[in-house]
Amino acid sequence: MSHEVHARLEGVTRVYPAVAGNPPVHALGPIDLDLRKGEFFSIVGPSGCGKSTCMDVLAGLAPPTKGTVWFEDKRVHGNVPDGIGAVFQEDASFPWLTVEDNAAFGLRRAGVDAAEIRRRVEYALSFMGLKDFAKAYPAQLSGGMRQRVCIARTLVLQPRLILLDEPFGALDAQTRLLMGDELLKLWRETGATVLLITHALDEAAMLSDRIGAMSARPGRFLETVETGWSRDRDSRMLEGETFGHITGRLWQMLRSESKRAMGHEGGVA
Amino acid sequence: MAGTQATYSRKDHERAERLRYLGDIALVILGIVVVWQILHMLAGDVAISSPLATAIRAGELLGSANFWPHAGETAKALVYALVIALLIGIGVGTWLGAHKLSGAVAEPILVALYSLPKITLYPLILLIFGLGIEAKIAFGAIHGVIPVTIFTMNAVKNINRVFLRSARVMKLTTMQTVTRILLPATLPEIVSGLRVGFSLTLLGVVIGELFSSHRGMGFLVMRAIGLHDVSTMMAVTLILAVAAVAISSILLYIDNRLHRRT
Ligand SMILES: Nc1ncnc2c1ncn2[C@@H]1O[C@H](COP(=O)(O)OP(=O)(O)OP(=O)(O)O)[C@@H](O)[C@H]1O
Ligand SMILES: [Mg+2]
């Protein structure tokens, strides 16, 4: 794998300004992060530590309070740069559109021609296992399926950097592993750089080239773990020994942080 | 597939629901007719004509060429008033919804206006618009615009933020965000506003016609009262009521369909 930097956060912090009597919230940082071109990077961390905030800043949806953001050697500010796709933690499927119209949404707005739209949407829907639901409305789907609609909607735009914020949060553990395999397939086929935010340590351990473990709020990287998986990995690695080592290492780091995030004293095992 | 069975039972369920719904409606109509008949027997022909006599008179009216220009006049005023109420209501509501502070200031004012008996404004309307159709349209629109504004304002204020963030990631222009995200996302609520606004607008138009007008359904009612023609007065009212209930039901149906998706 090349070590060419695809996106970079430099000394980034984000403080949500005070509103209506609430004090300002220091949500993130300062953090530094280099996403390598084509890698699969995951962020794990306790609830509320600033993971989603980190993604917003990286995507150009929220300005960093301090620091700079780079994507493909250009500074990110004010706008979402071309080539970034994002799937949010919340369900963002449009309830007024069918599954296929949801998937085609971005392409239509971008003025891509109809035949090409059909081709890409068909492919993305079958890839995400939604082919039989093309004419359904999101209200008729489960939460996990809606999240897949959002992934399909992002995929068809062929982003070079894909940001995924807990996309499988609504899934049971088994389906989640299978979706993980699909995600790996997608990553291999598109050659895109993937940033996955997850709270599931096993998911991060199984999917990623590298995993950034974040501290409790304000989120900072405690350590970046390299997994050393080959590119054609899949969920069968769960049976291996290395997998246990990685999750063990992650849990060791995050245990006290998670306690801290819950308001308990941290550090004292 | 496992889904098929669920679909069947849901269809059966929906059919049963619909039957029960129709049964309820029949019962309500029957109740109204019975009460009406009793009132007629108590008050006599001079005050309340019987359901049957009213229905016959309504049939005559519907078959007469003289009736339709009046119905057309009311319909025209109603449509204009609704369009104006929608345009202003959606415009103002969107603006208030997008600007939290002005929305917070405006809401209690709107609610106060909503409950204000707008008949007090009628002399003013007449002064401004004169005796023609314009006054009826204005008076109808005044009634309809407030619910449309309130519903639109709340829909815009409560729009799911993640839709707007999706719009930004997909690099939509401001215009595309308004027409492709904001409008469809708020449409169910706007239709609810229109549904509430519709009855009020019709009320406004007809009240406008009751006084100082020479055309329209309201005028027919007033003229019948002047002539002590009780059955005509009640027949016109009946036609109005049936039309209003029919249109309201259609709007309610659309409203429910749109809301079921969200
Ligand atoms: N718009 C906002 N205004 C003020 N504070 C915010 C805002 N959004 C997030 N925060 C705060 O910033 C902190 C980090 O939030 P963020 O959503 O980034 O956490 P997260 O790591 O994604 O959490 P989770 O795992 O629960 O999704 C939280 O304490 C949250 O309360
Ligand atoms: Mg989050």
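Modeller: A polar contact is a pair of N or O atoms within 3.5 Å, and within protein one of them must be able to donate a hydrogen and the other to accept it. The model is predicted, and by that rule 8 residue pairs are in polar contact across the interface of chain B and chain A, both residues of each pair being at pLDDT 80 or more.

Colleague: Which elements of chain B give two or more residues to the side that touches chain A?

Modeller: They are helix 7 (161–169), helix 8 (174–210) and helix 10 (230–261) of chain B. Helix 7 gives the most, with 6 residues. By class, that side of chain B has 8 nonpolar, 4 polar and 6 charged residues.

Colleague: What makes E90(A) and R165(B) a salt bridge?

Modeller: The closest N and O atoms of E90(A) and R165(B) are 3.3 Å apart. The rule asks for a Lys or Arg side-chain nitrogen within 4 Å of a carboxyl oxygen of Asp or Glu, so the pair qualifies. Across this interface the rule finds 2 salt bridges.

Colleague: How many salt bridges does a search of the whole structure find over all chains?

Modeller: That search gives 24. The pair of E90(A) and R165(B) crosses between chains, from the loop between strand 6 and helix 2 (99–109) of chain A to helix 7 of chain B.

Colleague: What area do chain B and chain A bury between them?

Modeller: About 2,100 Å², with 63% of it on carbon and sulfur atoms. In chain B, the residues that lose the most area to chain A are V169(B), M170(B) and R261(B), together 31% of what that side buries. The figure of about 2,100 Å² is called buried because it is accessible area lost on putting the two chains together, summed over both. Counted by contact, 18 residues of chain B meet 25 residues of chain A.

Colleague: Why is the space of about 90 Å³ called a cavity?

Modeller: A 1.4 Å probe fits there but cannot get out, so the space counts as a cavity and not as a pocket. The structure holds 1 cavity of 30 Å³ or more. Residues of both chains line the largest cavity, among them F88(A), R153(A), S166(B), V169(B) and M170(B). Strand 6 (84–87) and helix 4 (143–155) of chain A, along with helix 7 of chain B, each supply at least two lining residues.

Colleague: What classes do the residues of that lining divide into?

Modeller: There are 8 nonpolar, 3 polar and 1 charged. Arg counts as charged, so R153(A) falls in that class. G85(A) also lines the cavity, and it goes with the polar residues because Gly is placed there.

Colleague: Where does the largest share of the lining of the largest pocket come from?

Modeller: Helix 1 of chain B supplies that share, 10 residues. About 1,100 Å³ of space lies in the largest pocket. Of its 22 lining residues, E14(B), R18(B), Y253(B), R257(B) and R260(B) are the closest to its centre. Helix 1 (2–43) and helix 10 of chain B are the elements that give two or more residues to this lining. Its classes are 8 nonpolar, 5 polar and 9 charged. Y253(B) is put with the nonpolar residues because the class list includes Tyr there.

Colleague: How many helices and strands are there in chain B?

Modeller: Chain B has 10 helices and 0 strands. Its C-alpha trace spans about 70 × 60 × 35 Å along its principal axes.

Notes:
Residues numbered from 1 in each chain as written. Chains lettered and ligands numbered in written order. Heavy atoms only, no water. Contact = heavy atoms within 4.5 Å. Buried area = accessible area lost by both parts, 1.4 Å probe. Polar contact = N/O pair within 3.5 Å; in protein donor to acceptor, adjacent residues only side chain to side chain. Helix = DSSP H or I, 4+ residues; strand = E, 2+ residues; numbered from the N terminus. 1 Å grid on protein atoms, 1.4 Å probe; cavity = no way out; pocket = protein on both sides within 12 Å on 5 of 7 lines; lining within 4 Å. Points joined across faces, edges and corners; volume = space filled by probe spheres on them.
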